[in-house]
Structures are given as C-alpha cells and as structure tokens.
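Here are a few exercises to work through with the model open beside you. Try each task before you read its solution.

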Amino acid sequence: MGSELIYRRHESQPVSDSYSPKPDKPWASVVRPIRYMLREQRLVFVLVGIAIATLVFTVFPTSPAPRVPRHQFIDPIPDSISYFPVDAQNKFSHPHRVGLGSSNPAGKIPLGLKRKGLRIVVTGGAGFVGSHLVDRLIARGDSVIVVDNFFTGRKENVMHHFGNPNFELIRHDVVEPLLLEVDQIYHLACPASPVHYKFNPTNVVGTLNMLGLAKRVGARFLLTSTSEVYGDPLQHPQKETYWGNVNPIGVRSCYDEGKRTAETLTMDYHRGAGVEVRIARIFNTYGPRMCIDDGRVVSNFVAQALRKEPLTVYGDGKQTRSFQYVSDLVEGLMRLMEGEHVGPFNLGNPGEFTMLELAEVVQETIDPNAKIEFRPNTEDDPHKRKPDISRAKEQLGWEPKVSLRKGLPLMVSDFRQRIFGDHKEGSNTNNGESSS
Ligand SMILES: NC(=O)c1ccc[n+]([C@@H]2O[C@H](COP(=O)([O-])OP(=O)(O)OC[C@H]3O[C@@H](n4cnc5c(N)ncnc54)[C@H](O)[C@@H]3O)[C@@H](O)[C@H]2O)c1
C-alpha cells in the first residue's frame, strides 16, 4: 500500500517540458500596486485625501458641541413643569461638556463621530433637587437612571419622563447594594429635612454602597453634602477650609455628622481606591417640587402664607440663612461633576437674610397681611449661615443668578397648584356660584 502511494506520487511528478508558471518574486506584491498607482495616477488622489484629513483633524480636533437650538434642549420638559427662569435657561442651555477628564469614557471624540450621551445614576432623583437635575441631564441627551425609595421623593416629580427611552426609574433603597453600569453617579439620596432625617437617618450606609458601585464600574461619584457640616459656625462667611463647629450628640447630629462621615468616606475612596469624586456643600435651596410640610423654612412660610396661616418664626428671627434657587444649584452640581476639581465646593447664594426678612419677602410675594408668630427656637439651630463661594467662582466659573425675589414667585405658583389642586386661590366662591 505504502509503495503504491509512493509510486503514484512519482507518476504525477511534472514532466520536465510541461508548462510550469514562474515562481512569484517576493517583492512583486509590493511593486505591482505601486506600478498600478503610478500608471493610473491613483497616488495623486491618495495624497490629496491624506492632506485633507490631516488638515481637518488639525483644525477641528474634537467634535464641537452640537448646535441644537435652545428650544430643543428645553422641549423634553413640558412648559408647565419647566421651572428655570428664562435667562437661566439661556445661560445654562449648553453646560460645560469638555472638561470631563482623561479617564472619562465620554472625553474627546473625533469629528464626525456623534457624541454618546453619558449613562448617569441619580440617587434620590425623585426628590426636590434630584428631579430638577434629572430634567437637565435628560435635556442634555444623557441616559438617566433614577434610584429612589420614595421616602420623601414623589413619582410625580419625574413622571413627565416616563416613556422616554433615556429614562429609567428604580425603586430601591440605597442602604442595599446595587450594580449598574454607569459613567457618573450623582448621590443625593438622603432625607434632607429635620422632620425626615430624625425619623430615618440613612446617610452613611447608602454613601458607602454608592462609592462601592463607583469603584466597581469606574464611575465618577458626586456627593451632595451640606452646609450643615459647618454646624453652628464660628467663622463667617464659611469657607471650605473651615472645619466646622458641630455637636456630635445633638438632635441634628445624625444629619450633620452623617454628611461629615459621608465626606470622609468619599475622600477615603478617592485616596485609597482611586475613585474620581466630587463634593458639593449645598446651602439652603428652594424652588418648585419641595416637600410642602417638611419643616424647611422657605417651604413652611410659603405654604403658611398660601393657607392664610401665620408664618412661624423660631427664636427671635434674627438668625440668618442664604437662599439659593434650585436651577442655580443644578448648574453648580453639573459644572462640578464635569470639571477637574474634587472640592469640596460651597454651592449657595451669598445673599444673607434674617428669618424676619425672609418672612417679609414672603408677605410681599404672597400676602401682605400674613401674620408672624414667634415660637421657641429648636435645639442647635445655627445662628448664621452664609457661603463664601470664591472657590466655586474661580474653579468652576459658577455663581448663582436668581435672586430670592425672582425665584420665590416660581415656587409659589407650584405650591399654589399643589395645595389648591386645579383651583386658583380665591376661585372657590366663583366656582360655587357658577354651578348653582
Ligand atoms: N435642599 C437643600 O436645601 C439641601 C441643602 C443641603 C444639602 N442638600 C442635600 O441634597 C440632597 C437632595 O436634597 P433634597 O432637598 O432634594 O431632598 P429630598 O428629600 O427632596 O430628596 C431626597 C431624595 O432621596 C430619596 N431617598 C431618601 N433616602 C433614600 C434611600 N435610603 N434610598 C433611596 N432614596 C432615598 C427620597 O425619597 C428623595 O427622593 C440631599 O442629599 C440633601 O442632604 C439639600
């Protein structure tokens, strides 16, 4: 068998005078296309193409921000729930999208490739601040996942995004771990008013879980801390370098110390695990969608004035606070997230009002006849609060734009609608008469 095979192979050996193609020269595969290009003048076209591409990538290294008319940014939010003052909309319709940092997956994108929206988690996104932030992120074209346990948040705050493929809502308590593939985490979930945080002080474990998520998926993490970390401050106005004067065992400590611990954990994850983090210290913020009866002073006064109840002032009313409109805060948070600086940054309006002055503005805006009623002050109530925002101005190019007198009416119309339903105040009698 073996010899047969050998024999046949011999048989099939080419006869010396039969046709045999010339063996290929090794350089022929290189020379032939070059000859072809020279003969057909293709080389000229290739060189011209390379020159044009080089020129374009040199002059426009990245895709410019998409030139979308302003109304297209605002459109995803129906007019009735767009609470940004018109000049704020103009100013903020193109947030900084360039300084995302080298490690961010949405960094530089060559011209011609459409920029991918970011995947962003907003914990506490169904709450007051969170829902306004979600509006802005969705309007910018990002995909947003809201994680909320609805402790103080409401579905109504984000319902206008239902059906939008870029929006998801997960009912989840952040004290339980969660795995999601995202680029950024805005961590807001935390009961923020005294009524609620005394009942459910959930700050620290939730922050730990979200930092763990950021570490695991390589996301950038932003903590919404608070001016309460300064306690009853001995420095005025408060700079970020001030360490605070906090009672560790008082009735407010679960919130104040909880946020201080959250800041510590955030910095530890940054230094120890290389997580990209940002810290915002938020000062009193007001606006539409605030909880109506949660004991925060602006919402208290507005609701009381609308209901024709006396405005309750605690203590002598001379303690000061500064009040920031929510669109200013959202702009600050987004700039912080997109910027290069870790912080902490004070985000607040440096305009300082005593509680009595605030009550006067509410009287001017809603009801000049509203009465003021004094009550004993609550424990550990800080005497003064006013942010020094030089750092945010310098490093984020941010400062608030909306004054209290301009922002308050925007909040009042939302509160009026929520308290009186569809009826405008004073319209009840008219309705009664017309129905009879
Ligand atoms: N509004 C302010 O003046 C102010 C000032 C300083 C700091 N902050 C901080 O900003 C963030 C948002 O505050 P806000 O005013 O929008 O309060 P908010 O109560 O309206 O929003 C908090 C949201 O977090 C949700 N939440 C609470 N605990 C949760 C949990 N364990 N799991 C999942 N979701 C949870 C609530 O349901 C709510 O939707 C908070 O972290 C707060 O501490 C707010």
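**Exercise 1.** Which residues around the ligand come nearest?

*Solution.* A word on the model before we start: it is predicted, so local features need pLDDT of at least 70, side-chain atom pairs count only at pLDDT 80 or more, and totals for chains, interfaces and linings use all residues. Residues are numbered from 1 along each chain as its sequence is written.

Step one is to collect the residues around the ligand, where near means that the C-beta atom, placed from the backbone, lies within 6 Å. There are 29 of them, and Gly124, Gly127, Val129, Thr152 and Gly153 come nearest.

Step two is to sort the shell by class: 14 residues are nonpolar, 13 polar and two charged. Here Ala, Val, Leu, Ile, Met, Phe, Trp, Tyr, Cys and Pro count as nonpolar, Asp, Glu, Lys and Arg as charged, and the others, Gly among them, as polar.

Step three is to find the elements behind the shell, using DSSP runs numbered from the N terminus (helices are H or I with at least four residues, strands E with at least two). Both α6 (128-140) and β5 (220-226) supply at least two residues, and the largest share, three residues, comes from α6.

**Exercise 2.** Describe how α6 packs against α11.

*Solution.* Begin with the axes, which are lines fitted to C-alpha atoms over the stretch in contact, with angles from 0 to 180 degrees between N-to-C directions. Those of α6 and α11 (residues 326-338) come within 10 Å and cross at roughly 65 degrees. The crossing is right-handed, that is, the near helix is turned clockwise from the far one by less than a right angle.

Next, list the contacts (C-beta atoms, placed from the backbone, within 7 Å). From α6 come Val129, His132, Leu133 and Arg136, which meet Val326, Ser327, Leu329, Val330, Leu333 and Met334 of α11. By class, this contact has seven nonpolar, two polar and one charged residues.

**Exercise 3.** Why is α10 oblique to α14?

*Solution.* First take the geometry: the axes of α10 (residues 297-306) and α14 (residues 404-420) come within 10 Å and cross at roughly 55 degrees. That angle makes the pair oblique, because under 35 degrees counts as roughly parallel, over 145 as roughly antiparallel, 65 to 115 as roughly perpendicular and the rest as oblique. The crossing of α10 and α14 is right-handed.

Then look at the residues: Val302, Ala303 and Leu306 in α10 meet Met411, Val412, Phe415, Arg416 and Ile419 in α14. They divide into seven nonpolar, no polar and one charged.

Conventions: Contact = placed C-beta atoms within 7 Å.
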